[in-house]
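Colleague: Please take a close look at one part of this model for me. I would like the packing of the interior, and whatever connects to it.

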Amino acid sequence: MSRWDPAAVPDLVARAREGEAGAVARLITLVEEASPLLREVMSRLQEHTGTAHVLGITGPPGVGKSTSTNALVAALRRTGQRVGVLAVDPSSPFSGGALLGDRVRMGDHALDPGVFIRSMGSRGQLGGLARSTPQAVRVLDAAGCDVVVVETVGVGQSEVEIAGLADTTVVLVAPGMGDGIQAAKAGILEIGDVYVVNKADREGAERVRRELRTVLTMAELPEGGWRPPVVSTVASRGEGVDDLLAAIDRHRAWAVSSGELERRRTTRARREVEAIAVTALRERWGDVHGRSELDALAAGVAAGELDPYAAADRLLAALG
Ligand SMILES: Nc1nc2c(ncn2[C@@H]2O[C@H](COP(=O)(O)OP(=O)(O)OP(=O)(O)O)[C@@H](O)[C@H]2O)c(=O)[nH]1
Ligand SMILES: [Mg+2]
């Protein structure tokens, strides 16, 4: 059976739906590779998606995202929920394997069949995170995950955007690094639904919490809006994790009743569709590039026979 055999898709999707880890992993690899099989995979997954709650976890490097995710997974597992974890590292090329650090910190769950953990890079990927993250979420959702946690390092704008498109976005800060003020600069004060001051065992945690509270209380809130709470945790000891889960649950209930969940999912879908369309356009563009059409147009422009706008119009017409 060839690597791209479309005949293998129905079986692969069926096995993933039964929660077979190998099949889930294979589907996410197809997502990373922007495989031509994705068209069929996504059409088969469609009717089985929409039930997972997508939890975005972001914050500066080293703030404790993986440790918190590990603790959250443990708490969710105690209530019998199935959990998917996507650790997205925008600075690394896609690898298919778990990053060493994540493997160590989430190692508690490595053998649990109710937990899927996957690291995804994005550098050099077609369509980037805007396409691959929602698609990987879709795979985990269809595989029966009740919650999908997307951990992203909050360094660049695009990562902040990805994290901000979760159903519930949790922003982590810690004393002595990326405190309240720095967080505001990084733009993460706009995207959090729940804020966590992690490393509450460290000096300065209380001050960071107060600062954050103050900033969040000052923000104007529309009628019936959501005021993000601030939760303190010591993720490495699992302290405060139940409070965090309770805050997440409250946000989820509000998002459902206010219509915000639907709005966010629509926005997420819009980005995904856009990314797929732009990628397809680029591929067709590549075909045009490869043809002699552009050469002829370029020669015409260089010779002064054609103005560049007219040439571009003809090129676009060739894209069909
Ligand atoms: N003192 C203390 N250390 C913590 C706490 N939570 C996490 N750590 C430690 O902080 C370090 C970084 O934790 P990670 O969970 O890897 O942080 P991260 O945000 O996932 O890091 P990146 O993925 O590299 O951005 C590890 O050494 C953890 O053991 C905490 O509540 N208190
Ligand atoms: Mg991490």
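Modeller: Start with the largest nonpolar core, which has 32 residues. V24, I28, V41, L86, V139 and L140 have the most contacts inside this core. Keep in mind that the model is predicted. Helices and strands both contribute: α1 (9–17), α2 (21–32), α3 (38–45) and α6 (128–142) each supply at least two residues, and so do β2 (83–93), β3 (115–123) and β4. In soluble globular proteins, nonpolar side chains tend to be buried together.

Now zoom in on L86. Leaving out residues up to four places away in sequence, L86 touches I28, R118, M120, T133, A136, V137, L140, V149, V150 and E151. Two of these partners, I28 and L140, are themselves among the residues with the most contacts inside the core.

E151 leads on to the metal. The magnesium ion (ligand 2) is coordinated by E151 through OE and by S66 through OG, at 2.1 to 2.3 Å. The two residues come from distant parts of the chain, 85 residues apart. S66 belongs to helix α4 (residues 65–78), while E151 sits in strand β4 (residues 147–153). Both S66 and E151 are buried. Strand β4 thus appears twice here: it supplies residues to the largest core, and it carries E151.

A second core lies apart from the largest one. It has 24 residues, including I57, V196, L244 and L245.

Next, the strands. Strand β1 (residues 53–59) pairs with β5 in the parallel sense, over four bridges. Within β5, T169 stands opposite G56. Strand β6 (residues 194–197) also runs parallel to β5, and four bridges join them. Here V170 of β5 has V194 as its bridge partner.

Strand β5 (residues 168–173) is mostly covered, with six of its six residues buried. T168, V170 and L172 point one way from the strand. T169, V171 and V173 point the other way. Both sets are buried.

Finally, the wider setting. The protein chain has 13 helices and seven strands. Of its 320 residues, 47% are buried. Among contacts with a separation of 6 or more, 77% are between residues 24 or more positions apart. The accessible surface of the chain comes to about 15,700 Å², and carbon and sulfur atoms account for 54% of that.

Note on methods:
Residues numbered from 1 in each chain as written. Chains lettered and ligands numbered in written order. Predicted model: local features only at pLDDT ≥ 70, side-chain atom pairs only at ≥ 80, totals over all residues. Heavy atoms only, no water. Donors = N, O, S within 2.8 Å, 3.2 Å for Na, K, Ca; no water. Buried < 20%, exposed > 50% of the residue type's maximum accessible area, 1.4 Å probe, protein only. Pairing = 2+ DSSP bridges. Core = buried A, V, L, I, M, F, W, Y, C linked by side-chain atoms within 4.5 Å. Contact = heavy atoms within 4.5 Å. Areas by Shrake-Rupley, 256 points an atom, 1.4 Å probe, with all protein chains shown as cover.
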